[in-house]
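Dear colleague,

I am passing a structure on to you, and below it I have set down what was found there. Please read the notes alongside the coordinates.

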Amino acid sequence: MKSFKLEGEPREDLGKKASKELRKQGLIPAVLYGQKPVELPYQGKLNKGEKLVEIGNSKGVIVTDFTVSFDGIRKLIYTPEIYLVEIDIKGNRVIKAILKDSQYHPVSDAILHADFLEVFDNIPIMMEVPVVLRGHAIGVRSGGKLNQSLRKLKVKGLANNIPEILEVNVDKLQLGKVIKVGELSYPDIELISPKNAVVCSVKTTRAAQGTTAGAVEEETPEETEGEEGKSE
């Protein structure tokens, strides 16, 4: 994956009112969730903006509240590409993470909040990866129309093994046929999306139906003549 650098400020003033004021200043509230559990009671030192959230069995994860500028996060949010984000929260360490979720205003579509998940080299993550179709389907050459049903697939793997895109070759895809998730495989990652989900298909069009009908009509006289010859 490509890398994206993001700078942030630790945040301690929480709540809806505080978030509203931040947005007026061009700042976006964000949360970073730790993925590696820690033992409770925690013996380490928490930085500004960090807090412990208990997950059970005397374990917890560190969650960090911080803010980023709209200009700083805009190119990360409004893009179909995926990135490994290097978050530099002032007063804290530089943390590798992925964008897990983002919330938007229902009318203006302005970004309201962003959630990140910390990434470690030895712990698998799950994320959605864009699907790109490659090639020219046989069914399209026969007059059909190529239809892409899934734009992204959910995968699981180490961050370093997750590709920027998942390529699907459609060269052999015939008229009326589909490619499902279960037919695909990629090195070092596991596809989590349902195996029966259709990734793409070639749908029959009127042009394709006309081509098929024409081919049948051309074959019919030859078959008839052959049959008459046999009866004679």
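To begin with one pair in the strands, K51 has V63 as its bridge partner in β5. Please bear in mind throughout that this is a predicted model. The pairing that K51 belongs to is antiparallel and joins β4 to strand β5, which covers residues 59–69, over six bridges. The hairpin made by β4 and β5 has two residues between the strands, and in this hairpin N57 takes a positive phi near 55°.

Strand β4 comprises residues 50–56, and E50 lies in it. With a relative accessible area of 16%, E50 falls under the 20% limit and is therefore counted as buried. The side chain of E50 reaches the backbone nitrogen of N47, at a distance of 2.8 Å. If neighbours within four places in sequence are left aside, the residues in contact with E50 are K45, I62, V63, T64 and N92, so that V63, the bridge partner of K51, is also among the contacts of E50.

Elsewhere in the model, three strands form an open sheet in the order β10-β15-β13, and their pairing is antiparallel. Its edge strands, each pairing on one side only, are β10 (145–148) and β13 (178–180), while the twist from one strand to the next averages 10°. Within this sheet, β13 and strand β15 (residues 198–203) run antiparallel and are joined by three bridges, and V178 stands opposite S201 in β15.

With best regards

How values were computed: Residues are numbered from 1 along each chain as its sequence is written. This is a predicted model: local features need pLDDT of at least 70, side-chain atom pairs count only at pLDDT 80 or more; totals for chains, interfaces and linings use all residues. Side-chain values use heavy atoms; hydrogens and water are left out. Helices (H or I, at least four residues) and strands (E, at least two) are DSSP runs, numbered from the N terminus. Buried means under 20% relative accessible area, exposed over 50%, partly exposed in between (1.4 Å probe, protein chains only). A polar contact is a pair of N or O atoms within 3.5 Å; within protein, one must be able to donate a hydrogen and the other to accept it, and residues adjacent in sequence count only if both atoms are side-chain atoms. Contact means heavy atoms within 4.5 Å. Two strands pair if DSSP finds at least two bridges between them. Axes are lines fitted to C-alpha atoms, for helices over the stretch in contact, and angles run from 0 to 180 degrees between N-to-C directions.
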